[in-house]
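This report reads through one protein structure step by step, beginning with a single side chain and widening out to the whole chain. Keep the sequence and the structure in view while reading.

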Amino acid sequence: MLQYKIDVISELAKVGINTTTAKKSGIFGQDTMRKFRNGDTKISLEVLNRLCCVLEMQPRDIIKFVETEEDREKIISKICEKPIDNHINM
């Protein structure tokens, strides 16, 4: 699961960007700002790119991966499943 390493709203405020500024400039929409506020990391790479640009940070400075049990069950277990043999004998 991806998590923010920083308080995005606080970091944006340090560079003079609040919800009104973000909306007026068109850099981040209201929904994106809400995601930042709620810690929701389901953002596009374009939004991450803009965030890196504005904050002068690398993606690794902003987000981190923390493995969860859900990740192990939904993702990693699929890698370990046996592939289905799709050979057709002719």
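Does Lys-74 count as buried or exposed? At 51% relative accessibility, Lys-74 counts as exposed, because the cut-off for that word is a value over 50%. The model is a predicted one, and the values below were computed from it.

**The protein as a whole**

The protein contains 6 helices and 2 strands, and, followed from the N terminus, its elements run β-α-α-α-α-α-β-α. Of its 90 residues, 23% are buried. The accessible surface amounts to about 7,100 Å², and carbon and sulfur atoms account for 53% of that surface. Where contacts between residues at least 6 apart in sequence are considered, 63% of them join residues that are at least 24 apart.

**Helix H6**

Lys-74 has a charged partner in Glu-70: the two form a salt bridge in which the closest N and O atoms are 3.0 Å apart. Both residues lie in helix H6, 4 residues apart, which is about one turn of the helix. Helix H6 itself covers residues 69-80. Glu-70 has a relative accessible area of 47% and is therefore partly exposed, since a residue must be over 50% to count as exposed. Glu-70 also shows how the chain brings distant positions together, for its C-alpha atom is separated by 8.6 Å from that of Met-1, although the two residues are 69 apart along the chain.

Ile-76 is another residue of helix H6, and with a relative accessible area of 34% Ile-76 is partly exposed. If its neighbours within four places in sequence are left aside, Ile-76 is in contact with Glu-67 and Asp-71. Glu-67 appears again in a network of salt bridges, where it is linked with Glu-69 and Arg-72.

**Salt bridges compared**

Side chains of opposite charge can pair when their charged atoms come close. The count for this protein comes to 6 salt bridges, and the table sets out three of them, with the N to O distance and the helix for each pair.

| Salt bridge | N to O distance | Helix |
|---|---|---|
| Glu-11 and Lys-14 | 3.0 Å | H1 (residues 8-14) |
| Glu-46 and Arg-50 | 3.2 Å | H4 (residues 45-55) |
| Glu-70 and Lys-74 | 3.0 Å | H6 |

How many residues apart are Glu-11 and Lys-14 in helix H1? They are 3 residues apart, so about one helical turn separates them. The two ends of this salt bridge are covered to differing degrees: Glu-11 is buried, with a relative accessible area of 18%, whereas Lys-14, at 62%, counts as exposed. Glu-11 is placed in the buried class because its value is under 20%.

In helix H4, Glu-46 and Arg-50 are 4 residues apart, again about one turn of the helix. Glu-46 counts as partly exposed at 44% relative accessibility, and Arg-50 is likewise partly exposed, with a relative accessible area of 27%.

**The aromatic rings**

A pair of aromatic rings is described by the distance of the centres and the angle of the planes. In this protein the count comes to 2 aromatic pairs. The rings of Tyr-4 and Phe-36 have centres 6.2 Å apart and planes at 80°, so this pair is edge-to-face. Which parts of the chain does the pair of Tyr-4 and Phe-36 tie together? Tyr-4 lies in strand S1 (residues 2-4) and Phe-36 lies in helix H3 (residues 30-38), so the pair ties together parts that are 32 residues apart in sequence. Tyr-4 counts as buried at 13% relative accessibility, and Phe-36 is buried too, with a relative accessible area of 4%.

Phe-36 also forms an edge-to-face pair with Phe-28, with 5.3 Å from centre to centre and 80° between the planes. Phe-28, like Phe-36, is buried. Through these ring pairs, Tyr-4, Phe-28 and Phe-36 are linked into a cluster.

Notes:
Residues are numbered from 1 along each chain as its sequence is written. This is a predicted model: local features need pLDDT of at least 70, side-chain atom pairs count only at pLDDT 80 or more; totals for chains, interfaces and linings use all residues. Side-chain values use heavy atoms; hydrogens and water are left out. Buried means under 20% relative accessible area, exposed over 50%, partly exposed in between (1.4 Å probe, protein chains only). Contact means heavy atoms within 4.5 Å. Accessible areas come from the Shrake-Rupley method with a 1.4 Å probe; for residues, only the protein chains shown count as cover. Rings of Phe, Tyr and Trp (its six-membered ring) pair if their centres lie within 6.5 Å; planes under 30 degrees apart count as stacked, over 60 as edge-to-face and the rest as tilted. A salt bridge is a side-chain nitrogen of Lys or Arg within 4 Å of a carboxyl oxygen of Asp or Glu.
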